[in-house]
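Reader: I am new to structures with bound molecules, and I would like to learn how to read what surrounds them. Could you take me through one case step by step?

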Amino acid sequence: MSDTSLFGPIDRSDDRVAVSVGTVGLRRTEVFEAASAVADRVHGAPVAAIDAQASVRTVVAVVGCLLAGVPVVPVPPDSGPTERAHLLRDCGATLWLGDTPPDEAADLEAVRVDPAKRSATRWPAPAPDSTAMIMYTSGTTGSPKGALISHGALAAGLDGLARAWDWTAQDVLAHGLPLFHVHGLTLGVLGALRVGSPVVHTERPRPSGYARAATEHGATVFFGVPTVWSRIAADPDSARALSSARLLVSGSAALPPSVFRDIAELAGQPPVERYGMTETMITLAVRADGERRPGWVGVPIDGVRARVVHDSGAAVPADAETIGDLQVRGACLYDGYLGRPEATAESRTEDGWFRTGDAAVLDESGYHRIVGRRSCDLIKCGGFRVGAGEVEAALLDHPAVAEAAVVGLPDPDLGQRIVAFVVAEGVREQQLVDHVAGQLSAHKRPREVRLVDSLPRNAMGKVQKARLVD
Ligand code: MLC
Ligand code: AMP
């Protein structure tokens, strides 16, 4: 049986269900014995791509690769051929773990993952600086980049969070977030396995599922993106069912103050907010016993340092007002973008701080508030990070489209909704929505397409997105 540095020793007396997704559950020993069977099969591979459906199979596949020291690429299950082909080509995977491989994975060796399989192989802990995961994430332009996350970074980030939230094996975590991003997979599955707290995954992040996790599974900690909390607040019975919880956590995007207050009233406590990125994991958090203030994401977790600076590099005053660039450093940060030395170098200052691209203010107690992103070309829709450039490229790929500009507009449910301004002939708006949903992940589709005669451009010919947003 494995005993790796990421997951710690296995307490065989703990016969609780450690991971459940929908109606399927595995005890802790079952998770690791099934994962060891995957590790037996995949060890030695350079990289493994995983069809990251919301299922225990995905959990077993990811843990198996981590045990074997094989870098994992979680592939969004709704990704279309353009996005999937890019990911698979870029990451260098030789294995496809999942059901029937899609056409783009036809060259990869298919590995079936069976959560009922068992193996007792003991795996030595992978080196802390070896790559554990390659998480694909959007930039302002171009195709998604693979962020290299080491085993050591995972351990450091998860421990920092566990300490911030007093998250222990006595907790039961519940969420229904996708298993291909930091929030749902890294924190919501690997975090739970590392601290030993059972995780109840509700398959979808619906309010009724969260309520059932509280009433039927005794969940004490809940993770959600603001859209999920907003939907829970709009379903008072479900929100009230969470009143037995110890901690409600919101992150991945800005939580509207009205939702913060509605949840406080209905569930008996407001969410704690925390801030992170694919490249950094979670760097700032309101601690379990910290003051909860709407819009404020707290202080650096243990092992992280943060600074808010002017363009000159000088720190902004801690006056809760002056806006600067948020930069972070610490053991939980990524090692760079796979095969993109220039983008990696650009992401760091000369003195080694990571430029988050987010603008923030700091107050005298050390709390941070995120006030927005520096670039309007990164959109947060329902907590998903979507690059305007990637959506524009998909639109321009349609034969009827001559020009396209994509922006994020405020949306009461999604935070920002993706809106495409398109110059095109002989095509309907919905056809363009479907075209993007078919090529990229469905969540990257424009929620609205506006057909226009021309795009506003400056003297240099650059599209003036600020005018579109106005
Ligand atoms: C809709 N669908 C289409 C379609 N229109 N499919 C094809 N073509 C079209 N034109 C399908 C979708 O694929 C999906 O299918 C279904 O319709 C509903 O999709 P949706 O409309 O996009 O769902 P929505 O209600 O908008 O989702 C809201 C949400 C989701 C909150 C559930 O946005 C979500 O899961 N967000 C979480 C994002 C997250 O975890 N981010 C963390 C990033 S990490 P089907 O089959 O699926 O029903 C990070 C770091 C940190 O940020 O700090 O945490
Ligand atoms: P991703 O790479 O998907 O993890 O997205 C990271 C981005 O999400 C950050 O750069 C922020 O813009 C945004 N984000 C994450 N958490 C928060 C938060 N609590 N409040 C505001 N924005 C957030």
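Author: We will look at the two ligands, then at a pocket, and finally at one histidine. Please keep in mind that this is a predicted model.

Reader: Where should I begin with ligand 2, and which residues come nearest to it?

Author: A good way to begin is to list the neighbours of the ligand and then ask which elements they belong to. Around ligand 2 there are 15 residues, and those that come nearest are Arg-274, Thr-278, Asp-358, Arg-373 and Arg-385. Strand E13, which covers 272–277, and strand E19, which covers 368–373, each supply at least two residues of this shell, and E13 gives the most, with four residues.

Reader: What kinds of residues make up the shell around ligand 2?

Author: Sorting by class is the next step, and here the shell around ligand 2 divides into six nonpolar, four polar and five charged residues.

Reader: Which polar side-chain atoms lie by the oxygen atoms of ligand 2?

Author: For this we look at pairs of N or O atoms, one in the protein and one in the ligand. A polar side-chain atom of Arg-373 lies 2.6 Å from an oxygen atom of ligand 2, while for Lys-380 an N or O atom of the side chain is 2.8 Å from an oxygen atom of ligand 2. The backbone can take part in such a pair as well, as with Ser-252, where a backbone N or O atom lies 3.2 Å from a nitrogen atom of ligand 2. Taken alone, ligand 2 exposes 500 Å², and the protein buries 91% of that area.

Reader: How many residues surround ligand 1, and which are the closest?

Author: We can repeat the reading in the order used before. Ligand 1 is surrounded by 24 residues, the closest being Ser-252, Arg-274, Lys-380, Gly-382 and Arg-445. Helix H5 (182–195), helix H7 (226–233), E13 and helix H12 (429–439) each supply at least two residues of its shell, and the largest share, three residues, comes from H12. By class, the shell around ligand 1 has ten nonpolar, seven polar and seven charged residues.

Reader: Which side chains have polar atoms by the oxygen atoms of ligand 1, and how much of ligand 1 does the protein cover?

Author: Lys-380 appears again here, with a polar side-chain atom 2.8 Å from an oxygen atom of ligand 1. Arg-231 has a polar side-chain atom 3.1 Å from an oxygen atom of ligand 1, and a side-chain N or O atom of Arg-204 is likewise 3.1 Å from an oxygen atom of this ligand. On its own ligand 1 has 1100 Å² of accessible area, of which the protein covers 70%.

Reader: How is a pocket read, and what lines the second largest pocket?

Author: A pocket can be described by its volume and by its lining. The second largest pocket has a volume of about 500 Å³, and among its 24 lining residues Tyr-337, Ser-347, Arg-355, Gly-357 and Arg-373 lie nearest its centre. Strand E18 (354–362) gives the most to this lining, with five residues. The lining divides into six nonpolar, nine polar and nine charged residues.

Reader: Is His-368 buried or exposed?

Author: To decide, we compare the relative accessible area with a cut-off, and buried means under 20%. His-368 has a relative accessible area of 3%, so this residue is buried. His-368 is found in strand E19, and its side chain reaches the backbone oxygen of Gly-366 at 3.2 Å.

Key: Residues are numbered from 1 along each chain as its sequence is written. Chains are lettered from A and ligands numbered from 1 in the order in which they are written. This is a predicted model: local features need pLDDT of at least 70, side-chain atom pairs count only at pLDDT 80 or more; totals for chains, interfaces and linings use all residues. Side-chain values use heavy atoms; hydrogens and water are left out. A residue is near a molecule or strand if one of its heavy atoms lies within 4 Å of it. A polar contact is a pair of N or O atoms within 3.5 Å; within protein, one must be able to donate a hydrogen and the other to accept it, and residues adjacent in sequence count only if both atoms are side-chain atoms. Accessible areas come from the Shrake-Rupley method with a 1.4 Å probe; for residues, only the protein chains shown count as cover. Ala, Val, Leu, Ile, Met, Phe, Trp, Tyr, Cys and Pro count as nonpolar, Asp, Glu, Lys and Arg as charged, and the others, Gly among them, as polar. On a 1 Å grid over the protein atoms alone, a cavity is a set of points where a 1.4 Å probe fits but cannot get out, and a pocket is an open set with protein on both sides within 12 Å along at least five of seven lines; lining residues have an atom within 4 Å of a point. Grid points are joined across faces, edges and corners, and a volume is the space filled by probe spheres set on the points. Buried means under 20% relative accessible area, exposed over 50%, partly exposed in between (1.4 Å probe, protein chains only).
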